[in-house]
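Here are some short exercises to work through with the model open beside you. Try each one before reading its solution.

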Amino acid sequence: MIEKITSAKERYLDLLLIADPSKEMIMRYLPGSDLYVLKENGQALCIAAMYPLGDGNYELKNIATSPSYQKKGYGKKMIKQLLEKYRDAPAIYVGTGGTGIPGKEFYQLSFYKKCGFSYSHTIPGFFTDHYPEPIIEENGMQCIDMVYLVYQGKKNPDKSGNSGNNPIIPLHNAGKPDETHKND
């Protein structure tokens, strides 16, 4: 079961930094986010920050699993519980790093698709424009673009009004510096 953290959110900064290497970027969204932690035997294994976008929509700004517990289903379990908790939201967005090279994307893209998200839009050059140091993923490739996916749920197939032809771009995520990186 996930637990909502309402105070002293900064104590989870080390875990949040796994998904987003910029403390400055994290501190831009953390105060306004709903923060959830998945614990086992009192130890925080997975963390997630849900940021309200307005009109009932949310963005999963950060999701990270402790390195020794990655690839063991904790991230998927966290997302499943969040999707249930936010089931009445018309849309839930998540952004992840992209290489900018078709066919050479990071595993996170596939992970989110397996969790029920589908492609929404891409912000080209986001990571090179907004992070001072290159972000290199475990496969040795650099994060260049921000790739957004959207989950519209089974109960809310398309309350967002998105026809599929014109992807929704959350207003605060249209290439501005407050956009952030996350992965599992």
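## Exercise 1: Two unusual backbone angles

Asn41 is exposed, with a relative accessible area of 81%; exposed means over 50%, buried under 20%, and partly exposed in between, using a 1.4 Å probe and protein chains only. Before going on, please note that this is a predicted model, in which local features need pLDDT of at least 70 and side-chain atom pairs count only at pLDDT 80 or more, while totals for chains, interfaces and linings use all residues. Residues are numbered from 1 along each chain as its sequence is written, and side-chain values use heavy atoms, with hydrogens and water left out.

Task: find where Asn41 lies and describe its phi, then do likewise for Lys71.

Solution.
- Step 1. Asn41 belongs to the loop between E2 and strand E3 (43–54); helices (H or I, at least four residues) and strands (E, at least two) are DSSP runs, numbered from the N terminus.
- Step 2. Its phi is positive, about 50°, although Asn41 is not a glycine.
- Step 3. Most residues other than glycine have a negative phi.
- Step 4. Lys71 sits in the loop between E4 and H3, and has a positive phi near 65° without being a glycine.
- Step 5. With a relative accessible area of 61%, Lys71 is exposed.

## Exercise 2: The surroundings of E5

Task: work out which strands pair with E5 and in which direction they run.

Solution.
- Step 1. Start with the strand itself: E5 covers residues 92–98, and seven of its seven residues are buried.
- Step 2. Strand E4 (residues 57–65) is joined to E5 by three bridges, and the two run parallel; strands pair if DSSP finds at least two bridges between them.
- Step 3. Within this pairing, Tyr93 in E5 stands opposite Glu59.
- Step 4. Now look at E7 (residues 145–151), which runs antiparallel to E5 and shares seven bridges with it. Here Gly95 has Tyr148 as its bridge partner in E7.
- Step 5. Add helix H3 (residues 74–85): together with E4 and E5 it makes a right-handed β-α-β unit. Right-handed means that, with the strands pointing away from the viewer, the path from the first strand over the helix to the second runs clockwise.

## Exercise 3: Rings and a charge

Task: how many aromatic pairs does the whole structure hold, and why does the pair of Tyr36 and Tyr86 tie parts of the chain together?

Solution.
- Step 1. The search finds nine aromatic pairs; rings of Phe, Tyr and Trp (its six-membered ring) pair if their centres lie within 6.5 Å, and planes under 30 degrees apart count as stacked, over 60 as edge-to-face and the rest as tilted.
- Step 2. Tyr36 and Tyr86 are edge-to-face, at 6.1 Å centre to centre and 90° between the planes.
- Step 3. Tyr36 is in strand E2 (residues 34–40) and Tyr86 in the loop between H3 and E5, so their pair links parts 50 residues apart in sequence.
- Step 4. Tyr36 is buried at 4% relative accessibility, and Tyr86 is buried at 7%.
- Step 5. Phe126 and Phe127 have ring centres 5.0 Å apart and planes at 90°, so this pair is edge-to-face. Both residues, Phe126 and Phe127, are buried.
- Step 6. One aromatic cluster is formed by Phe111, Tyr112, Phe117 and Tyr151.
- Step 7. Finally, the charged end of Lys61 sits over the ring of Tyr51, 5.7 Å from its centre; the criterion is NZ of Lys or CZ of Arg within 6 Å of the ring centre and within 35 degrees of the ring normal.
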